[in-house]
Amino acid sequence: MTFDEVGLSEELLKAVTAAGYSEPTPIQAQAIPSVLSMRDVTGIAQTGTGKTAAFVLPMIDRLAQGRSKARMPRSLVIAPTRELAAQVAENFEKYGVNHKLTMALLIGGVSFGDQDKLLMQGVDVLIATPGRLIDQFERGKLLLTGVEMLVIDEADRMLDMGFIPDIEKICKLLPPRRQTLLFSATMPPEIARLAAQFQTDPKRIEVSRPAQTADTITQYKIPLKSSDHKARRTAIRRVIESRDVTNGIVFCNRKSEVDIVAKSLTKHGHDAAPIHGDLPQAYRTQTLDKFRNGELKLLVASDVAARGLDIPAVGHVFNYSPPPNSDDYVHRIGRTGRAGRTGESFTLVCPEDEKLWDAVVKRVEKSVEDYMPEGLAEELEALPSDGGRSSRSRGRRNDRNDRSDRSERPARSERSERSEKSASRESSKDKEKKQSRGNKSRGDSELLPPAPAGPVVGLGDHVPAFLQRPI
Ligand code: AMP
C-alpha cells in the first residue's frame with residue numbers, strides 16, 4: 001500500500017513526502033483509514049512501529065475543518081511522560097506544516113502562564129500528561145466538553161505508572177460522543193477494561209512487535225563475582241573504555257542508580273549525563289537534545305525516561321544490571337543496531353542477577369557471550385568491598401524511602417501516580433520547599449540516613465488518605 005491509498009489530503013501527503021516517508025507502516029496502513037472514517041481504534045503497537053503518525057496524520061486531516069474556541073480544545077492526546085508528549089507535539093509540527101492547526105503542550109515543568117495563554121486562545125490539539133491536564137482543569141483553565149477526538153497513547157505505560165484512575169477521570173469529563181483512539185504495546189486486562197468502558201465498537205489493529213532482538217546487535221554478558229556498587233561502577237567504566245563508543249546509553253533500574261552512575265562516569269572523565277523522571281524538564285530536554293545532536297556521548301537513563309524516545313543511531317547499550325522485566329531488555333538493546341546498523345550491548349550480571357538474566361536469555365532465544373575487558377577481573381579482585389551493600393540490598397533500603405523510584409519502575413502503585421502528579425503540580429516555589437523535605441521522600445540513597453530497623457512508631461504504614469493529598 002502507498003500513502004496515496006490511505007485517504008489523506010494532498011497537503012498531508014506533501015508533508016509526509018517532505019518527512020521522507022514513501023510507504024505507510026502496517027499500523028499506519030490499517031489505522032489511518034479507520035480514523036478518517038471516525039471509528040474508534042484500539043492499536044496494539046509499540047514505539048518504533050510508526051504508531052504516532054498513525055494517529056497524528058488522520059487527526060490533522062479531521063481537524064482541518066472547524067475552529068477552536070477559547071479554553072475548549074477540539075482534540076486531546078494523553079501521554080504518560082513529558083518526553084512522549086513532547087514527541088507527539090513534534091509529530092504534529094512536522095506533519096502539520098501545511099495546516100494552520102493550533103496546539104498546546106501541557107506538561108509538568110513548563111510554566112502555567114504560557115500554557116494558560118495558549119488555552120485561552122483556543123487550541124485544536126491539546127497534548128498532555130494526565131497530572132498536568134487535571135491540574136489545569138481543576139484550575140478552571142480548561143473545558144473538555146469540546147473534545148471531538150481523544151488519543152490515549154502508551155496505555156500500558158499509564159497503567160504501570162498508576163495513571164489509570166486519572167485517565168478514567170479525564171474520560172468522564174469528555175463528551176460521550178467523540179472518537180477515542182487507544183494505543184498500547186500490550187493489552188493487559190486493565191487496559192482491555194478501559195477500552196471496553198470508553199470506546200465504541202473499536203477497530204482492533206495489532207502489529208507485531210519487534211519481539212526479538214535484531215541480528216545486527218551483538219550481545220555480551222559481563223559476569224561479576226561481587227554485586228557491590230563499586231565493582232559495578234568500575235566494570236561499566238572499563239567496558240565502556242574497552243570499546244570505541246561514539247554514543248551509548250547506560251541503563252539503570254533505579255533513578256538513584258542513574259544519578260550515581262552518571263556522577264561516577266563524569267568523575268572519571270566520561271562525557272555522561274543522567275535522565276530520569278525526577279530531573280527538571282528543561283534539563284531533560286537539553287540533555288536529550290545534546291545526545292541527539294552528538295554533543296553528549298553517554299546518556300545514563302532509567303527505562304521509563306528512555307522508553308519511546310526516538311533516538312536514532314545508538315552504537316552501544318550498557319546495562320548496569322539486567323532489567324526486572326525481560327521485555328525491557330529487548331527495548332533497551334533495541335536502541336542500538338537500528339536500520340541495519342550494527343550495535344553492541346553489554347549487561348553486568350552478578351550472582352544475585354542470575355535469575356533475571358535467565359529470563360532475559362530465555363526471552364532473546366540467543367546465546368550471549370561472556371566478555372571481560374583486559375585487566376578488569378584482577379582490578380575487581382583488588383577492590384575493597386563496599387561493605388556488602390549490594391545493589392539489591394541497597395535498592396531495598398531505597399525502596400523503603402524512595403517512592404519515586406517505584407514510580408519509574410512499573411510498580412502499578414498509586415504512590416507512583418502521586419509522585420508524578422505532585423511533580424507536575426508543583427510550582428517552582430513548591431519545588432524549593434519540597435526539595436528541602438523532598439530528599440526524605442525521594443530517598444536519594446546517598447543523602448539519606450539508613451532507614452530505621454525497628455517498627456515505625458506513630459502512623460506506621462497506614463497514612464490516612466487525607467494526609468497524602470497534595471496541598
Ligand atoms: P513511532 O512508532 O511513532 O515512535 O515512530 C518511530 C519512527 O518511525 C520515527 O522515527 C518516525 O519518524 C518513523 N516513521 C514513522 N512513519 C514512518 C514511515 N511511514 N516510514 C518510515 N519511517 C516512519
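Helix 10 and helix 11 are oblique to each other. Their axes cross at roughly 55° and come within 11 Å. The crossing is right-handed. Keep in mind throughout that this is a predicted model.

Which residues make up that contact between helix 10 and helix 11? From helix 10 there are His 229, Arg 233, Ile 236, Arg 237 and Ile 240. They meet Glu 257, Ile 260, Ser 264 and Leu 265 in helix 11. In general, the angle and the distance between the axes are how two packed helices are described.

Now the sheet. The order of its seven strands is 10-11-9-12-13-8-14, the pairing is parallel, and the sheet is open. The edges are strand 10, residues 272-275, and strand 14, residues 369-370, each of which pairs on one side only. Helix 11, which covers residues 255-267, packs on this sheet and touches strand 9, strand 10 and strand 11. The direction of helix 11 makes about 170° with that of strand 10.

At the other edge, strand 8, residues 217-223, runs parallel to strand 14, and two bridges join them. Tyr 220 is the residue opposite Glu 369 of strand 14. As background, strands of a sheet pair through backbone hydrogen bonds.

A further helix belongs in this picture. Helix 14, residues 326-333, lies across strand 8, strand 9, strand 12 and strand 13. Relative to strand 12, helix 14 runs at about 150°.

Next, the charged pairs. How many salt bridges does a search of the whole structure find? The count is 19. I will go through three pairs and one network.

First pair: Asp 201 and Arg 39, whose closest N and O atoms are 3.7 Å apart. This salt bridge links distant parts of the chain, 162 residues apart. Asp 201 sits in the loop between helix 9 and strand 7, while Arg 39 sits in the loop between helix 2 and strand 1. Are these two residues buried or exposed? Asp 201 is exposed, because its relative accessible area is 57% and the cut-off for exposed is over 50%. Arg 39, at 34%, counts as partly exposed.

Second pair: Glu 344 and Arg 243, with 2.6 Å from N to O. Here too the salt bridge links distant parts of the chain, 101 residues apart. Glu 344 is in strand 13, and Arg 243 is in the loop between helix 10 and strand 9. Glu 344 has a relative accessible area of 16% and is therefore buried, the cut-off being under 20%. Arg 243 counts as partly exposed, at 24%.

Third pair: Lys 255 and Asp 278, with the closest N and O atoms 3.2 Å apart. Lys 255 lies in helix 11 and Asp 278 in the loop between strand 10 and helix 12, so the salt bridge ties together parts 23 residues apart in sequence. Lys 255 is at 4% relative accessibility, so this residue counts as buried. Its partner Asp 278 is partly exposed, at 31%.

Then the network: Lys 51, Asp 153 and Glu 154 are joined into one by salt bridges that share partners. The general point is that side chains of opposite charge can pair when their charged atoms come close.

To put helix 11 together: this helix crosses helix 10 at roughly 55°, packs on the sheet, and holds Lys 255, which pairs with Asp 278.

Definitions and conventions: Residues are numbered from 1 along each chain as its sequence is written. This is a predicted model: local features need pLDDT of at least 70, side-chain atom pairs count only at pLDDT 80 or more; totals for chains, interfaces and linings use all residues. Side-chain values use heavy atoms; hydrogens and water are left out. Two strands pair if DSSP finds at least two bridges between them. Helices (H or I, at least four residues) and strands (E, at least two) are DSSP runs, numbered from the N terminus. Contact means heavy atoms within 4.5 Å. Axes are lines fitted to C-alpha atoms, for helices over the stretch in contact, and angles run from 0 to 180 degrees between N-to-C directions. A salt bridge is a side-chain nitrogen of Lys or Arg within 4 Å of a carboxyl oxygen of Asp or Glu. Buried means under 20% relative accessible area, exposed over 50%, partly exposed in between (1.4 Å probe, protein chains only). Angles under 35 degrees count as roughly parallel, over 145 as roughly antiparallel, 65 to 115 as roughly perpendicular and the rest as oblique. A crossing is left-handed if the near helix is turned anticlockwise from the far one by less than a right angle, and right-handed if clockwise.
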